[in-house]
Each structure stands twice: as structure tokens, then as C-alpha cells.
Amino acid sequence: MAIGGPWTLQAVVQHYAWGREASESEVANLVESSGQPVDKDLPYAELWMGTHPSGPSVVKEQGVTLKEAIEKNPEVLGAVSDVPFLFKVLSVRTALSIQSHPDKRLAEKLHASNPSVYKDSNHKPEMAIALSDFEALCGFVSEDEMKRVFDTVPEIRACCGDDVVEGYTASSDKGAALKRVFTALMTMEQNKSSDIVKKMVERLEEEGRTRDLSARERLVLRLHEQYPFDVGVMSSWFFNYVCLKKGEGIVLNANEPHAYLSGEIVECMATSDNVIRAGLTPKFKDTKILCDSLSYKQGNPDIVTASSYQEGKLGLYRSGFDEFEVWNLRLHKEECALPATSGPVIAFCQAGEGTLSWNEGNSLEMKKGTIFFMPANVPVTLQTRSEVSVWAASVQGMGYHHDT
């Protein structure tokens, strides 16, 4: 049996430039609701809940990091030896970089060669679940869509060359051919790519005066406003434009290109902060590494929805990765018994208020913004006083009882 019951956590806020203003940010809303001060002059981008050294959560009752508290009480982990996931909330105002996350082998290599950029040696598969309407670029478009882009966006050919584009059309190995096209675009001389992006934007603006532009064309113009003349504006044509509704999610494997564009999400990933960037960013770009390491799989991404448990009170989002799965608990002025888990859980209350109780006479008051660590092997009961939404991350297959 683990020592005690849940611990309350103070998470780390990241004020990245792409984050939302405090008045419009769910991250800031959660922070303020928890009783912490909010700086209205800073963007609120990410809320980190976990043990990663770049943003370690603190156990309020003990005044130490979650990692230090676990080291003193390792039994709270149950059947695992660490917390293998990092749990986040993101508030996205402008596009994040064109990026991917390395697999374990590449992560180890990058960390060894450039530890100031790649701060750990772990891979970073992840899952994003929308808290609002959410936009993202995710994975390469299908073969048919890629051919349509080549036919209707002349600037792609100007960037990559007719021979490279025609090579894709004729090739029986579409993955290798796509790699050649995408690499030609991303590695072209900056002044040339900027000039071609400028011409594309001028063409779309002119055509927009006489016809309705498509959603993709409007996105290109929006990205140009955010990152003028950046090659990432042109590369956006290569990726699926995904628009998620609240409660829908996407799963991102290692070496899969993506860029979050706008909205609020819950995000869970293996414990890592490794990002390979190559566009739509002022940060360090590792373009060759990104181009060399991508999987170049094509097709629409799968949209993930929750499986229902406990008569609809619990929703489970399966990631397919060993490190994590995500739960959403929704209650309305009622009591819910949560069974003991075989691994650790990190959770936060997004809405409502109630009381968590465990063993006999032990309890914790919960409201919007409350974050807590749930030890393994401790069943808890949640009594709500209003409509409540709690998000929780657990180790794959070690959360609340479900079929596997």
C-alpha cells in the first residue's frame, strides 16, 4: 500500500511567444483559479505537470519536487520505476514550429552530440486532445492530394524543381520520392525561398479579390502574417490540415511532422522535451536532421475519441504507447468511486469543485486549477458539488480498471 493519499502539485508555466494572452488562455485561467498570480503582460503557452527537469512540478505539502518526493516514497509508483509521461495543457495563439520528435535511437544520438538543444535522451510520442476547436498540421497529405498540390501551386515547382516534382509523380517508391521533394524545399537557399513565398502570397491576395480562397489558401496567408517569408509557409502545403472539435484527439508518433496552429489542448507524451524544428520559428532549426529522420508516411491522420467506462462517467483515450493513456472524468453533483491503479496518476481539475477522499477520514478539496498526484494502490472517492471535469494521465494499461 502506498503511503498516504494524493499530493497536490504546483505545475510550471511556460511563457513561450506563441502562447495566448492571459485573458484568453486556459493555461492562465487554470493558474489563476488555483490561487497563483497571473502576469497580464506575459503570454501563457504551456502548463507542465510531471518530473521533467526543464519544468518539474512541486509537491505543495512537502515543498520538494515531485521527483524528490517519489525518491523518498518509491512505493507510490506501484508497478513502475518512474513517472514515464509528461502531462500538459497548451494555449496556442500563433503557429508552433514545423517539427518532429525523435525516436529513442535518434534522441540518444542528438542528446550526446548537442545536449544544449536536445536536453534528454528519450523519445517523445504524444497525444493531443482538444479542449476547444483546435487546428493543427499533422503528417503528409495523401498521394492524390500531393499531386493536386503540385498541379495547383506553381510555387512548389519553382522551389523544388520540375525534375524533382516529376520524379515523385513517376516513382513507385513514394516515400523516397517525397523525401527528395520535401528536402529540396526545406534546404533551398533562404533568399530564393523568401522570394517565392512572396510571389505566392501576392498571387493568392490578388486571386482573393475575385474568388473565395480555400481554407488551405487562407491558412497559408495567415501563416505568412505570423512568420513572413518563412519556408514553413510553403511547406504547410505538404501536411494534412486537421481541425479538431472539443473532445477529439490526434496521436503523433516519433518522426512524424506536425505543427499546432490555434486553440486549447490537453497533451500527454513520454517524458521528454526533444523537438527537431525546421520552419515557422525563430528558434534553432535542425533542418537536415528533420528531413533525414521523418517517416514520410502519407494519408489522413486518425482522429481519436474516448472509450466510455463507468456508465459514461469516465472516458479513456488510448495512445498506443507504453508510457501513457489519458482519462476524462465528468460528473454532476454526484459521487464516483475510483478504483486503485497499479501505476501513478497525475490529474487536474478543469472545471467544478468537489472533495477527494481516501482511506478513512483523509480528504482533499478540489476546484478548477487543482493539480494532484495519485499514488498507485490507493482507491479514492470523488464527491462533487457542481459539474466537474477532471483530466488524468496514467501509465498505459495501469489506470482505472478497463479492458486492454
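This is a walk through selected helix packings, cores, loops and single residues of a predicted model.

**Stop 1: helices α6 and α7**

Start by selecting residues 162-170, which form helix α6, and residues 174-186, which form helix α7. Their axes sit 8 Å apart, and the packing angle is about 165 degrees. Anything over 145 degrees counts as roughly antiparallel, so that is the label for α6 and α7. Look along the pair and you'll find that α6 passes α7 in a left-handed crossing. To see what fills the contact, show side chains for V164, V165, G167, Y168 and T169 on the α6 side. On the α7 side, pick K174, A177, L178, R180 and V181. Colour them by class and you get 6 nonpolar, 2 polar and 2 charged residues.

**Stop 2: the largest nonpolar core**

Keep α7 on screen and bring up the core. The largest nonpolar core has 50 residues, and I156, F182, L185, M234 and F238 are the ones that touch the most other members. Which element gives the most to this core? That would be α7, with 6 residues. As background, nonpolar side chains in soluble globular proteins tend to be buried together.

Now centre on F238. Setting aside residues up to four places away in sequence, F238 touches G139, F140, V141, M146, F150 and I156. The list of contacts for F238 goes on with L178, V181, F182 and L185. You've already met L178 and V181 at the α6 contact.

There is also a second, separate core, this one of 42 residues. To find it, select V27, L30, I129 and V304, which are among its members.

**Stop 3: E155 in helix α5**

Go back to the first core's I156 and step to E155, in helix α5 (residues 154-160). Is E155 buried or exposed? With a relative accessible area of 8%, E155 is buried, because the cut-off for that label is under 20%. Show what surrounds E155: I196, K199, M200, R203 and M234 all touch it, not counting residues up to four places away in sequence. M234 is one of the well-connected residues you picked out in the largest core.

**Stop 4: helices α8 and α9**

M200 is your link to the next stop, as it also belongs to the α8 side of a helix contact. Select α8 (residues 190-207) and α9, the latter spanning residues 215-226. Their axes come within 10 Å and cross at roughly 130 degrees, so α8 and α9 are oblique to each other. α8 passes α9 in a left-handed crossing. On α8, light up V197, M200, V201, L204 and E205; on α9, add E217, V220, L221 and H224. By class, this contact has 6 nonpolar, 1 polar and 2 charged residues.

Zoom in on H224, in α9. H224 counts as buried, at 13% relative accessibility. What is H224 in contact with, leaving aside its neighbours within four places in sequence? You should see V197, V201, F229 and V233.

**Stop 5: two loops with positive phi**

Switch to the backbone. Most residues other than glycine have a negative phi. With that in mind, select N255, which is not a glycine but has a positive phi of about 65 degrees. N255 is found in the loop between β13 (249-252) and β14 (258-270). Its relative accessible area is 10%, so N255 is buried.

Then jump to L280, also not a glycine, with a positive phi of about 55 degrees. You'll find L280 in the loop between β15 (276-279) and α11 (287-293). L280 is buried, with a relative accessible area of 0%.

**Stop 6: Y16 and Q383**

Select Y16, in the loop between β2 (12-14) and β3 (20-21). At 23% relative accessibility, Y16 counts as partly exposed. Draw a distance from Y16 to A45: they are 29 residues apart along the chain, with their C-alpha atoms separated by 5.6 Å. Beyond the residues up to four places away in sequence, Y16 touches P43, A45, E46, W48 and K283.

Finish at Q383, in strand β24 (residues 380-384). Q383 is partly exposed, with a relative accessible area of 33%. Again leaving out residues up to four places away in sequence, Q383 touches E334, E335, G354 and T355. For a last distance, try Q383 to E365: 18 residues apart in sequence and 9.8 Å apart in space, C-alpha to C-alpha.

Note on methods:
Residues are numbered from 1 along each chain as its sequence is written. This is a predicted model: local features need pLDDT of at least 70, side-chain atom pairs count only at pLDDT 80 or more; totals for chains, interfaces and linings use all residues. Side-chain values use heavy atoms; hydrogens and water are left out. Helices (H or I, at least four residues) and strands (E, at least two) are DSSP runs, numbered from the N terminus. Buried means under 20% relative accessible area, exposed over 50%, partly exposed in between (1.4 Å probe, protein chains only). Contact means heavy atoms within 4.5 Å. Axes are lines fitted to C-alpha atoms, for helices over the stretch in contact, and angles run from 0 to 180 degrees between N-to-C directions. Angles under 35 degrees count as roughly parallel, over 145 as roughly antiparallel, 65 to 115 as roughly perpendicular and the rest as oblique. A crossing is left-handed if the near helix is turned anticlockwise from the far one by less than a right angle, and right-handed if clockwise. Ala, Val, Leu, Ile, Met, Phe, Trp, Tyr, Cys and Pro count as nonpolar, Asp, Glu, Lys and Arg as charged, and the others, Gly among them, as polar. A nonpolar core is a set of buried Ala, Val, Leu, Ile, Met, Phe, Trp, Tyr and Cys residues joined through side-chain atoms within 4.5 Å.
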